[in-house]
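Good morning, and thank you for coming. Please look at the sequence and the structure, which I will now put on the screen.

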Amino acid sequence: MKKIVILTGAGISAESGLGTFRAEGGLWAEHRIEDVATPEGFARDPQLVVDFYNARRAQAAEAAPNAAHLALANLEAAFDGDVVLVTQNVDDLHEKAGMKRVMHMHGALNGALCGACDLRWPAPMVMAPGDACPHCKAPAARPDIVWFGEMPYDMEEIYDHLAQADLFAGIGTSGNVYPAAGFVAEARRHGAQTLEFNLEPSAVGSQFDDIRIGPATQTVPEWVAEVLGG
């Protein structure tokens with residue numbers, strides 16, 4: 001086994017205190033996705049959207065990586081081959097854990113994006129509607145988040161990695177959001193073994209060769225120890 005491609009979702013960050021879309025309580029329970037995670041919602045009420053992501057940014061800044069994040073960073077550092085990590089998460093817990101190579105397909109809370117010229121730059125802790133782009137000066141700054149209805153980042157590169165993978169692992173993903181939910185089928189089509197880590201099988205769980213049920217802080221470190229030990 002020379003190439004491992006890993007997809008992480010909200011489930012891996014939940015144990016660090018960052019809520020998922022479907023969790024009761026927390027930021028997402030107070031807002032409709034259509035209002036805070038779509039271009040239309042931003043056009044309708046930019047203050048609401050910016051305030052929402054300011055709150056998420058502050059929450060993520062206080063969060064610490066958990067044992068699953070740390071185990072994946074150890075895998076990247078110690079594996080005698082290629083480890084590619086793609087995340088649906090917009091927090092930076094993988095980076096805080098020490099991972100050097102993280103592909104944020106849905107953007108990042110600590111990033112800002114110009115809606116006029118597409119420049120991306122580090123976001124301040126508190127953004128405001130009408131913030132100016134440092135390049136073109138247009139008052140068009142927005143959170144660098146891929147909202148529903150927008151194209152995720154790095155898709156061509158991700159599919160290239162899936163085509164070369166010996167093993168594809170999905171960790172803490174619901175299997176409800178495409179295109180990420182289709183990664184397991186793509187990896188299988190090219191001959192990869194597939195492995196899911198979750199509290200319960202995802203919506204695409206039947207497409208994985210094996211599923212390990214339980215908290216990611218337990219199952220992922222156990223798996224990493226197996227890979228590095230054998």
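Leaving aside its neighbours within four places in sequence, with which residues is glutamine 207 in contact? They are Val184, Ala185, Arg188 and Thr194. Before I go further, please note that this is a predicted model.

Let us stay with this residue for a moment. Glutamine 207 lies in the loop between β8 and β9. Its relative accessible area is 29%, so glutamine 207 is partly exposed. Glycine 182 is 25 residues away from glutamine 207 in sequence, and the C-alpha atoms of the two are 9.8 Å apart in space.

The loop that holds glutamine 207 also takes part in a salt bridge. Here the side chain of aspartate 209 meets that of arginine 188, with 3.0 Å from N to O. This pair joins distant parts of the chain: aspartate 209 belongs to the loop between β8 (193-198) and β9 (210-213), arginine 188 to helix α9 (residues 183-189), and 21 residues separate them. Are these two partners buried or exposed? Aspartate 209 counts as partly exposed because its relative accessibility is 42%, and arginine 188 counts as partly exposed at 40%.

I turn to the other salt bridges. In the whole structure, a search finds eleven of them. One of these joins the side chains of arginine 32 and aspartate 35 at 3.1 Å, N to O; arginine 32 is partly exposed, at 48% relative accessibility. In addition, Lys3, Asp82 and Arg101 are linked in a network of salt bridges.

Another salt bridge brings together glutamate 150 and arginine 142, whose side chains meet at 2.9 Å, N to O. Glutamate 150 has a relative accessible area of 26% and is partly exposed, whereas arginine 142 is buried, at 11%. What does the charged end of arginine 142 sit over? It sits over the ring of tryptophan 147, 3.8 Å from the ring centre. The charged end of arginine 120 sits over a ring as well, that of tyrosine 153, at 4.0 Å from its centre.

This brings us to the aromatic residues. The structure holds six aromatic pairs. Phenylalanine 42 and tryptophan 147 form a tilted pair, with 5.3 Å from centre to centre and 40 degrees between the planes. The two are 105 residues apart, phenylalanine 42 in helix α4 (residues 39-44) and tryptophan 147 in the loop between β6 and α8 (155-164). Phenylalanine 42 is buried, with a relative accessible area of 19%, and tryptophan 147 is buried at 2%. A second pair is formed by phenylalanine 197 and tryptophan 223: the ring centres are 5.3 Å apart and the planes stand at 55 degrees, so this pair is tilted. Phenylalanine 197 is in strand β8, and tryptophan 223 is in helix α10 (residues 216-229). Both of these residues are buried. Ring pairs also link Phe42, Phe52, Tyr53 and Trp147 into a cluster.

Finally, consider one sheet. Three strands form an open, antiparallel sheet in the order β5-β4-β6. Why is one side of β5 (120-122) and of β6 (141-145) left without a neighbour in the sheet? Each stands at an edge and has a single partner strand, and therefore one side of each stays unpaired there. Neighbouring strands of the sheet are turned by 45 degrees against each other on average, direction ignored. Helix α5 (residues 46-62) packs on this sheet and touches β4 and β6; its direction makes about 140 degrees with that of β4.

Technical notes: Residues are numbered from 1 along each chain as its sequence is written. This is a predicted model: local features need pLDDT of at least 70, side-chain atom pairs count only at pLDDT 80 or more; totals for chains, interfaces and linings use all residues. Side-chain values use heavy atoms; hydrogens and water are left out. A salt bridge is a side-chain nitrogen of Lys or Arg within 4 Å of a carboxyl oxygen of Asp or Glu. Buried means under 20% relative accessible area, exposed over 50%, partly exposed in between (1.4 Å probe, protein chains only). Helices (H or I, at least four residues) and strands (E, at least two) are DSSP runs, numbered from the N terminus. Two strands pair if DSSP finds at least two bridges between them. Axes are lines fitted to C-alpha atoms, for helices over the stretch in contact, and angles run from 0 to 180 degrees between N-to-C directions. Contact means heavy atoms within 4.5 Å. Rings of Phe, Tyr and Trp (its six-membered ring) pair if their centres lie within 6.5 Å; planes under 30 degrees apart count as stacked, over 60 as edge-to-face and the rest as tilted. A charge sits over a ring if NZ of Lys or CZ of Arg is within 6 Å of the ring centre and within 35 degrees of the ring normal.
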